[in-house]
Every structure is written in C-alpha cells, then in structure tokens.
Amino acid sequence: MSAVLPSSASLYDRVRRVIPPIEWSVFVEDIDAILNLKRQRNAVILAHNYQTPEIFHCVADIVGDSLALAREAMTVDADVIVIAGVHFMAETAKLLNPDKTVLIPDLDAGCSLADSITAEDVRLMRQRYPSVPVVTYVNTSAAVKAESDICCTSGNALAVVKSLRVPRVIMLPDEYLAKNIAAQTKVEIIAWNGRCEVHERFTAADIRELREAHPGISVLAHPECPPEVVAEADFAGSTAAMSDYVARHRPARVVLMTECSMSDNVAVEHPEVDFVRPCNLCPHMKRITLANIRTALEENRHVVTIDPHVAERARWAVERMLFV
C-alpha cells in the first residue's frame, strides 16, 4: 500500500481490521504530523474509549474511560495535554494539571449530560435536601463539580456512594446511572433528570431482537442505559469494565450497548471475537478528528481555562473521588 509512510506502516497493521485501506490513505499525513508535533512540543494525547480507531490506536498515548483518564492525567509527564474527548474531560485534566497547557481540539465537543445541569441547579438541590451529600458524575462542568461533595464515574459510582456511609445521597445528573446504582444499594438515591443522548436510545426490545437474530450473543450494557436495558443485559459496567469482560470471557459473539466506536476499538484487541454493532454515535465525541488534533498542536488551540475559585473547589471533589 504505497500511501502508508514508513512511520505509519506498523500502526496500520494494528487497525487494518477496522479501517479500510482507502480510509487509511486519508489519515496517514495527519498521523505522521501529529506524531512529530507530540515530540516537538512534549505533548501527550489522552483519548476516551469512544474515539475512532485512527485516534485511539494510532496517535493516543493514554486511552480509557473517564476514570482511567482522570487517574492518568495526574501523573502525565508532559508540557501539553491534548484531550481527544469532550469538554468536561478537558476541564478535568486541567483541574488535575493546573500548571500544564490543556488543549481541546473542538470547543463544541460537549455532552448532553453536562448540558442538563448548572451550578445553580445544584445549589437549589442542596436547599431542598439540606445535609444530603451531592455525588456528581464527571460528565459535568467544572462549575457543577465545584458545588459538589465528591465526583464519580460509571466505573466507581457504587463505591463512591458506599464510601459516604450515609442513608441517602443526591446523584447528579444522569437519571439512569442513579437508578442503576440505586438497584445495587440500600442507600436512597435522589436523582436528577439528565440523560445521555447516546445511551437513552437503547431499549430492552433492542436486546431481545439481537438475541433472536444472534442466538448465544453476549450483551454488555453501559450503566447510562435505561434500567430495563441493564436488566436485560448479561453484564453492565463502564466502558473499561466492558472491555475487561471481553478480555476475560472471550465471548464468541458480543454486542456492546454503548457508543459504537467502542466496539471498533475493542475489536482491534480481540480479532477472535465477533462484534455485532448497534451503532449509536455520539455527535460530540465525533467532533474530535485527526485534523483538529493536528491543528490544536500546531496552533495551541483551544487552551482550557477555569476560574481559579471554581477550580479549587472542583479539584477537591475530583481528587476525593480518585482516592475512593
């Protein structure tokens, strides 16, 4: 394949099962430029599991779910951090690296959950439920985190709730995550009504149809899915937990009820597994591309800043989560 430059050839060997040659020929120039720019600027790229394979497997230095990226951001040895993800992830990286330059390639890479709640909403919830601790999902703005007692991710939400040792908590903003965690604990959970626009579209009927069409299929669901979807699934967990499940159990055929780039990224690691892909795309994650990652590094675009008074309180809530 003549379009594959020497520095990119080994990378294509890794992703050839999920990226056709014609697509790869479009990516090569940007990939090589990004690899060079990272060396020149002492930069690292943190990529969420929902990024496309050419980003996730070819230019990212650290990959994972929100919890993994938050933990890794604390120990990054670099001058510049580029977030291949959405805006709240870039803010979280900045909170944990106040002296580093953090870049988000597209300012419009948002999140329906983050958009569903404001700092004022949290203050009103505190007035309505005085003395009840607020557990805030990382899929929120720094301003919302600053009004919270502790953050959580889908991977550690249950552990965070239990760590508080209280009879009830407020969990914001994902209604379905809150309900799914409530089903696993005796703690009363007061939920907000935010929803992920990707995961709320999955239904229990979807799973039944998949089982009928693919007998013996293993169904893994993200806990941002509706409770009835989680109840129909064989396993529910964060994106990291779903990936670990595939690695441990090696199902012959599997479906991941989550953003569809996740299946492509896990499939690279497990060519023996047949992935059925019910493709719900996150429009915000897909705003991040090789082209705008390259531009971010070339032009220092877009630098993430957080008001210092907000950052101090939000950082405390995130760091408290990381030590649960």
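**Core, cavities and pockets of the predicted model**

In the chain, 61% of the contacts with a separation of 6 or more are made by residues 24 or more positions apart. The structure is a predicted model. Its secondary structure comprises 16 helices and 12 strands. The C-alpha atoms occupy a box of roughly 65 × 55 × 30 Å along the principal axes. A compact globule of 324 residues would have a radius of gyration near 20 Å, and the 20 Å found for the chain therefore agrees with that expectation. Of the 324 residues, 58% count as buried.

In soluble globular proteins, nonpolar side chains tend to be buried together. Here the largest nonpolar core contains 97 residues, and W24, I31, L46, M171, L256, I293 and M321 have the most contacts inside it. Helix α2, which spans residues 21-41, gives the largest share of this core, 7 residues. A second core, separate from the largest one, has 13 residues, including L210, I217, V255 and V276. M321, one of the residues with the most contacts inside the largest core, has a set of partners that lie more than four places away in sequence. These partners are L67, A70, V138, I150, C151, C152, T153, N156 and V160.

I293, also among the residues with the most contacts inside the largest core, belongs to helix α15 (residues 290-299), where it is buried along with L290, N292, A296 and L297. The buried residues of α15 are covered by elements that include α2, β1 (43-48), α3 (53-56), β3 (80-84) and β4 (101-103). Helix α2 thus appears both as a contributor to the largest core and in the cover of α15. Just after α15, N300 adopts a positive phi of about 55°.

Rolling a probe the size of a water molecule over the atoms shows where empty space is left. The structure holds 2 cavities of 30 Å³ or more. The largest cavity encloses about 280 Å³ of space. Its lining is made of 28 residues, and H48, Y50, M89, N139 and E224 are the closest to its centre. At least two lining residues come from each of α4 (66-73), α5 (87-96) and α6 (112-115). By class, the lining of the largest cavity consists of 12 nonpolar, 13 polar and 3 charged residues.

The second largest cavity has a volume of about 100 Å³. Its lining is formed by L46, S66, L69, A70, A73, I83, F88, M89, T92, A93 and V138. Helices α4 and α5 each supply at least two of the lining residues, and these two helices also contribute to the lining of the largest cavity. The lining of the second largest cavity has 9 nonpolar and 2 polar residues, with no charged residues. Several of its residues recur elsewhere: M89 is also among the residues closest to the centre of the largest cavity, L46 is one of the residues with the most contacts inside the largest core, and A70 and V138 are both touched by M321.

Pockets were examined next. About 250 Å³ of space lies in the largest pocket. It is lined by 15 residues, with N49, F56, V63, S243 and E269 nearest its centre. Two or more lining residues are given by each of β2 (62-64), α13 (239-249) and α14 (261-269), and α14 provides the largest share, 4 residues. The lining of the largest pocket divides into 6 nonpolar, 6 polar and 3 charged residues.

The second largest pocket holds about 190 Å³ of space. Of its 16 lining residues, S154, I181, Q184, A236 and G237 lie nearest its centre. The elements giving two or more residues to this lining are α9 (157-164), α10 (175-182) and β10 (235-236), with the largest share, 3 residues, coming from α9. The lining has 9 nonpolar, 7 polar and no charged residues.

P223 is located in the loop between β9 (218-221) and α12 (227-232). With a relative accessible area of 8%, below the 20% cut-off, P223 is therefore classed as buried. Beyond residues up to four places away in sequence, P223 touches S154, Y176, L177, N180, V230, G237 and S238. Of these, S154 and G237 are among the residues nearest the centre of the second largest pocket. I181, also near that centre, is 42 residues from P223 in sequence, with 8.2 Å between the two C-alpha atoms.

Technical notes
Residues are numbered from 1 along each chain as its sequence is written. This is a predicted model: local features need pLDDT of at least 70, side-chain atom pairs count only at pLDDT 80 or more; totals for chains, interfaces and linings use all residues. Side-chain values use heavy atoms; hydrogens and water are left out. A nonpolar core is a set of buried Ala, Val, Leu, Ile, Met, Phe, Trp, Tyr and Cys residues joined through side-chain atoms within 4.5 Å. Buried means under 20% relative accessible area, exposed over 50%, partly exposed in between (1.4 Å probe, protein chains only). Contact means heavy atoms within 4.5 Å. On a 1 Å grid over the protein atoms alone, a cavity is a set of points where a 1.4 Å probe fits but cannot get out, and a pocket is an open set with protein on both sides within 12 Å along at least five of seven lines; lining residues have an atom within 4 Å of a point. Grid points are joined across faces, edges and corners, and a volume is the space filled by probe spheres set on the points. Ala, Val, Leu, Ile, Met, Phe, Trp, Tyr, Cys and Pro count as nonpolar, Asp, Glu, Lys and Arg as charged, and the others, Gly among them, as polar. The radius of gyration is taken over C-alpha atoms; the globule rule is 2.2 Å times the number of residues to the power 0.38.
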